Structures are given as C-alpha cells and as structure tokens.
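Here are my notes on the model you sent over. Have the structure open while you go through the points.

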Amino acid sequence: MNQAWLYPLIIAAGALQAWGPPMNGALLKSIGNPWLASVISFLPVVALLSCVFLCLPKPMPTGEGISEMPWWAPLGGLVGAGAVVVGLMFVNKVGAGTLAGLTITANILMSLLIDKYGWFGMEQHPLSLGRIAGATLLVVGIYLVSKY
C-alpha cells in the first residue's frame, strides 16, 4: 500500500474511534449492566473478524511463530476491552471530548515511554525536546477541554 494513504486511513480510524464510547454509553444506558454491555459491544467485532478469517484463512500461524510469541502478545485485546469498559461507564459522566482527550493524552504519554525504552519489541526513539513539548501541549489541551 502506498504510504500516502496511511495517514488519511489512520486519521479516519481515529475519528471513528471517537464514536465508540458514546455508542457504548448509550448501550449501557439501555442494558444497565456494564459487563453485559461490554460483551454485547464485542459480539459484532468477533462475528466480523470470524467471517473475515473464514473467508481469508491464510496465512495460518506456524508452530515456530507460536512458540516464539511473547507471553504478553495476545493480551492486546484485553487492554482494549478495559478501554471499552472505562469508556462506556464514564463517557456520560465526563463527556465525549474529555474522555477522548484523557484517553488520547494518556495513550501518547505511554507511547512516548514505549518508544523511549523499546518496550514490546518496538524500535527505540529518543525522548526529544519536541516530543516533550508535544506531550506538554496535550496535557494543557486536555485540561482546557475538560475545564471548559
């Protein structure tokens, strides 16, 4: 894929992610139970990905790939589930803008640490002055979004 298309696709995915918490908040309001609402929220994802896998089953994992997989590699979905639960439980209390701002700011701050130390097999990127300034602006920005 041409890299010129990566940024618009990433931006579109990020914009669509803002829909998730309010949609899940409405689901929680209707269902009443945050755990059941979370399960219901994941069912269409599991169904869609199962259908895609059945249609496009290759490549299949190899024994070597599975044996070399870090123990923590499959836990990314669990981390995402935690974000879904937090979002559906609190979006109606703090608002979509504050929830998204806090989530994105925390995500960026943690991502800077992941980059700096090369956690999870990532290539290391130094914590430059520009990155620190950008993170500081995010913190100030979310303060303003949540206060006003």
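**Notes on the predicted model**

1. Overall layout. Read along the sequence, the pattern is α-α-α-α-α-α-α. Keep in mind that this is a predicted model. The protein has seven helices and zero strands. Its C-alpha atoms fill a box of roughly 50 × 45 × 30 Å along the principal axes.

2. Burial. How much of the protein is made up of buried residues? The figure is 15% of the 148 residues. Two of the residues discussed below, Pro-34 and Asp-115, count as buried.

3. The largest pocket. Its volume is about 1300 Å³. There are 40 residues lining this pocket, and those closest to its centre are Gln-17, Gly-80, Ala-83, Val-84 and Thr-103. If you want to find the spot on screen, select those five residues.

4. Who builds the lining? At least two residues each come from helix H1 (6-17), helix H2 (20-31), helix H3 (34-55), helix H5 (76-94) and helix H6 (96-117). H6 gives the most, with twelve residues. As for chemistry, the lining has 28 nonpolar and twelve polar residues, and no charged ones.

5. A nonpolar patch on the surface. Met-110, Leu-113, Tyr-117, Trp-119, Phe-120 and Met-122 make up this patch, and together they have about 600 Å² of accessible area. One of them, Leu-113, sits in helix H6. Leu-113 counts as partly exposed because its relative accessibility is 32%, and partly exposed covers the range between 20% and 50%.

6. Phe-120, a patch member worth a second look. Phe-120 belongs to that nonpolar patch, but its place is in the loop between H6 and helix H7 (129-147). Its phi is near 60 degrees, which is a positive value in a residue other than glycine. With a relative accessible area of 48%, Phe-120 is partly exposed.

7. The salt bridge. How many salt bridges does the structure hold? There is one, and it pairs Asp-115 with Arg-131, with the closest N and O atoms 3.2 Å apart. Asp-115 is in helix H6 and Arg-131 in helix H7, so the pair ties together parts that are 16 residues apart in sequence. As general background, side chains of opposite charge can pair when their charged atoms come close.

8. How covered are the two partners? Asp-115 has 16% relative accessibility, so it counts as buried, the cut-off being under 20%. Arg-131, on the other hand, is partly exposed, with a relative accessible area of 28%.

9. A cis peptide bond. Look at the link between Lys-58 and Pro-59: the peptide bond there is cis, with omega at about 5 degrees. Where does Pro-59 lie? You will find Pro-59 in the loop between H3 and helix H4 (63-68).

10. Pro-34 and Gly-82. Pro-34 is placed in helix H3. Its relative accessibility is 18%, so Pro-34 counts as buried. Going from C-alpha to C-alpha, Pro-34 and Gly-82 are 11 Å apart in space, while 48 residues separate them in sequence.

Note on methods:
Residues are numbered from 1 along each chain as its sequence is written. This is a predicted model: local features need pLDDT of at least 70, side-chain atom pairs count only at pLDDT 80 or more; totals for chains, interfaces and linings use all residues. Side-chain values use heavy atoms; hydrogens and water are left out. On a 1 Å grid over the protein atoms alone, a cavity is a set of points where a 1.4 Å probe fits but cannot get out, and a pocket is an open set with protein on both sides within 12 Å along at least five of seven lines; lining residues have an atom within 4 Å of a point. Grid points are joined across faces, edges and corners, and a volume is the space filled by probe spheres set on the points. Helices (H or I, at least four residues) and strands (E, at least two) are DSSP runs, numbered from the N terminus. Ala, Val, Leu, Ile, Met, Phe, Trp, Tyr, Cys and Pro count as nonpolar, Asp, Glu, Lys and Arg as charged, and the others, Gly among them, as polar. Patches are made of residues with over 30% relative accessible area and no salt bridge: like charges are joined within 9 Å, nonpolar side chains (Val, Leu, Ile, Met, Phe, Trp, Tyr) within 5 Å. Accessible areas come from the Shrake-Rupley method with a 1.4 Å probe; for residues, only the protein chains shown count as cover. A salt bridge is a side-chain nitrogen of Lys or Arg within 4 Å of a carboxyl oxygen of Asp or Glu. Buried means under 20% relative accessible area, exposed over 50%, partly exposed in between (1.4 Å probe, protein chains only).
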